[in-house]
Amino acid sequence: MRYIEPHGHMVSRTTDDYLAMVTAGCRAVCEPAFWAGYDRKSADGFYDYFCQLTDYEPKRAAKFALPHFSWLCLNPKEAEDVKLADDVLALIPEFIDRPNVLGIGEIGLNKNTRNEMAVLEKHIDLAASHERLILVHTPHLEDKLKGTRLIVDALLNDKRIDPGRVIIDHVEEHTAPLVLDKGFWAGITLYPESKCTAARAVDMLEMYGRERIWLNCACDWGVSDPLAVPKTALEMRRRGDSEDAIDRVLYRNPRAFLLQSPRFAAVFSEDAAPAERG
Ligand SMILES: [Zn+2]
């Protein structure tokens, strides 16, 4: 089996996790910038974090022969501080051309506030002006539906944004159609405690089809499972899905989205033998 982990916060994980992932068939891992579990006190903290995402972590993954890619942003949880947000946004152009940087993410909303919206729009502008892909985080629980609507509208309001180049993550049953119907990609996040179980994820695939959908584990410093994506293959097999269908959702779908980034293509197209493409 082969798969891509399109959303893992690997700076929070151990080398044992890297080993387990490659053993399970992981062919690439992508790491969005996110909340550290505490608020960073200044833009300098983000500068160091962006160095880690674009320099040190790819080297750590390379020890396991795993291509590592990253996304840059100030996460929505810290976007309430507009001055900090402006300082961090000003840093990103310095990093955006680094070879493992796919685009801007995970941006979005947390509590759907006015400041978060303003910072979201600035991130969208940054991605559009540099012609980069976008990865979106959607809020949790009662804020999810409204937040997803606000995010979709903000993206569609910017005419430079092609929905086919945006992945909206952490979708649930009530938000997936909102995202997919507008031409965006949808990410389903598999979590042991919150978000989505494997069974629920496969239910969603059965409901909404397999086009423009990927699965991810979003493993981080909390209770999370770096092997949640390959484990979902077992649930698909139980339901009678073919190996080809599993390969499509776990590998070919994320690859198709990510190949829109020339930086991903530069590293990754050499990874897959021609016979495996399709
Ligand atoms: Zn995340």
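**Notebook: strand 7 and its surroundings**

I started with strand 7 (residues 185-189): five of its five residues are buried, so this strand is largely enclosed by the rest of the structure. "Buried" here means 20 or more other C-beta atoms within 10 Å of a residue's own; 12 or fewer makes it exposed, in between is partly exposed, and the C-beta atoms are placed from the backbone. Strands (E, at least two residues) and helices (H or I, at least four) are DSSP runs, numbered from the N terminus.

Note to self: this is a predicted model, where local features need pLDDT of at least 70 and side-chain atom pairs count only at pLDDT 80 or more, while totals for chains, interfaces and linings use all residues. Residues are numbered from 1 along each chain as its sequence is written.

Next I looked at the two faces of strand 7. W185, G187 and T189 are buried on one side, A186 and I188 on the other, so both faces are covered. That fits what I learned: in a regular strand the side chains alternate between the two faces of the sheet.

Then I checked the neighbours. Strands count as paired if DSSP finds at least two bridges between them. Strand 6 (residues 166-168) runs parallel to strand 7, joined by two bridges, and I167 sits opposite W185. On strand 8, four bridges pair it with strand 7, also in the parallel sense; A186 has I213 as its bridge partner there.

I zoomed out to the whole sheet. Eight strands make an open, parallel sheet in the order 1-2-3-4-5-6-7-8. Strand 1 (3-5) and strand 8 (213-216) are at the edges with a single partner each, so one side of each has no neighbour in the sheet.

Which residues touch the most other members of the largest nonpolar core? I found L72, I168, A186 and L190, out of 76 residues. Helix 9 gives the most to this core, six residues. Such a core is a set of buried Ala, Val, Leu, Ile, Met, Phe, Trp, Tyr and Cys residues joined through C-beta atoms within 7 Å.

I followed I168 further. Leaving out residues up to four places away in sequence, its contacts (C-beta atoms, placed from the backbone, within 7 Å) include V136, I151, F184 and A186.

Last, helix 9 (residues 243-258). A kink of about 40° is centred on V249, with the bend taken between axes fitted to the seven residues ending there and the seven starting there. V249 is buried, as are I246, L250 and F257, among others in helix 9.

Terms used
Contact = placed C-beta atoms within 7 Å.
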